Amino acid sequence: MNYPPKHHQDDDINHMVEVIKTYPLATLISVKDNKPLITHLPLVYEDGKLIGHIDIYNPQAKLLKNDNDIAIIFAGPECYISPSIYSTTQLPTWNYIKVHLQGKVKAIESKAALKQSLITMTEFLEAPDHKYVLEPDNPRLDRNLGYIEMFEIEITNWEGKFKLSQDKKPRDIKAAREELVRANQESIRLFLDKAF
């Protein structure tokens, strides 16, 4: 993003952090021999960095170290916006919230750090109800530590893609926001009923 004054930059980054915290399933993209490797993993935003875990047998795991470059995409809600919801004549459009990041990734070798990170991530993902607690003495956790690698991403570039009908009149912006909520709830229900 090309930022005007600093306070706008801070606001934009705060919005992007909220997207990351609310929609933590990330798309990680690495390139090896001119071929993209893509994995979907939850990431936790912590102290300005992203923390994640990957199965050692995932081909992308070999690239999540040594300050390798990585691209990350977080996807918020999205939907088609029909001109019928606006109070003025418009064209059809698509509204969405996305965060594109670039960074440098390094492996965290400590099994103790990995164990604590898995517990912390579970606490984060279980919030706010915390119906499940991953206990440190869970034998299954200890048995699986050898099959999981921890990594940390230092974010080098932030880019927020927020298309929310911002260029419309206030009443139409509100209608587009309401449609985003309605359409997402409805499309999930219809998809699950149809596909599964």
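In this predicted model, the largest cavity holds about 40 Å³ of space. The count of cavities of 30 Å³ or more comes to one. Its lining is made up of V44, E46, I51, H53, S117, T120 and M121. Three elements each give two or more residues to this lining, namely β3 (44-46), β4 (49-55) and α2 (111-126). Of these, α2 gives the most, with three residues. Sorted by class, the lining of the largest cavity has three nonpolar, three polar and one charged residues. A reader who wishes to find such a space can keep a simple picture in mind: rolling a probe the size of a water molecule over the atoms shows where empty space is left.

Next comes the nonpolar interior. In soluble globular proteins, nonpolar side chains tend to be buried together. Here, the largest nonpolar core has 31 residues, and those with the most contacts inside it are L43, L50, I72, F74, L101 and F151. Many parts of the chain take part: α1 (6-22), β1 (25-32), β4, β5 (68-81), β6 (93-108), β7 (148-163) and α4 (170-195) each give two or more residues to this core. L43 is a helpful residue to follow through the structure. When its neighbours within four places in sequence are left aside, L43 is in contact with P24, A26, L28, L50, I51, G52, I72, F74, M121, F151 and I153. Among these partners are L50, I72, F74 and F151, which also belong to the residues with the most contacts inside the largest core. Two other partners of L43, I51 and M121, appear in the lining of the largest cavity. A second core, separate from the largest one, has nine residues, including I51, L114, L118 and I119. I51 can therefore be met in three places: in the second core, in the lining of the largest cavity, and, because contact means heavy atoms within 4.5 Å, among the residues that touch L43.

Charged side chains offer another way to read the fold. Side chains of opposite charge can pair when their charged atoms come close. The count of salt bridges comes to eleven. One of them pairs D69 with K104, whose closest N and O atoms are 2.6 Å apart. This salt bridge links distant parts of the chain, with D69 in strand β5 and K104 in strand β6, 35 residues apart. D69 has a relative accessible area of 55% and so is exposed, because exposed means over 50%. K104, at 32% relative accessibility, counts as partly exposed.

The strands β5 and β6 also contribute the partners of another salt bridge, E78 and K98, which lie 20 residues apart in the chain. In this pair, the closest N and O atoms are 2.9 Å apart. How accessible is each partner, E78 and K98? E78 is partly exposed, its relative accessible area being 33%. K98, by contrast, has a relative accessible area of 17% and is buried, because buried means under 20%.

A further salt bridge brings together the side chains of K106 and E152, with an N to O distance of 3.7 Å. K106 belongs to strand β6 and E152 to strand β7, and the two residues are 46 residues apart, so that distant parts of the chain are linked. K106 is partly exposed, with a relative accessible area of 37%, whereas E152 counts as buried at 15% relative accessibility. Salt bridges that share partners join K49, K106 and E152 into one network.

Finally, the backbone has some details to look for in the loops. A127 and P128 are joined by a cis peptide bond, with omega at about 5°. P128 lies in the loop between α2 and α3 (139-144). Which residues other than glycine have a positive phi? N34 has a phi near 65°, and N66 has a positive phi of about 60°. N34 is placed in the loop between β1 and β2 (35-42), and N66 in the loop between β4 and β5. N34 counts as exposed, at 77% relative accessibility, and N66 is exposed with a relative accessible area of 63%.

How values were computed:
Residues numbered from 1 in each chain as written. Predicted model: local features only at pLDDT ≥ 70, side-chain atom pairs only at ≥ 80, totals over all residues. Heavy atoms only, no water. 1 Å grid on protein atoms, 1.4 Å probe; cavity = no way out; pocket = protein on both sides within 12 Å on 5 of 7 lines; lining within 4 Å. Points joined across faces, edges and corners; volume = space filled by probe spheres on them. Helix = DSSP H or I, 4+ residues; strand = E, 2+ residues; numbered from the N terminus. Nonpolar A, V, L, I, M, F, W, Y, C, P; charged D, E, K, R; others polar. Core = buried A, V, L, I, M, F, W, Y, C linked by side-chain atoms within 4.5 Å. Buried < 20%, exposed > 50% of the residue type's maximum accessible area, 1.4 Å probe, protein only. Salt bridge = Lys/Arg side-chain N within 4 Å of Asp/Glu carboxyl O.
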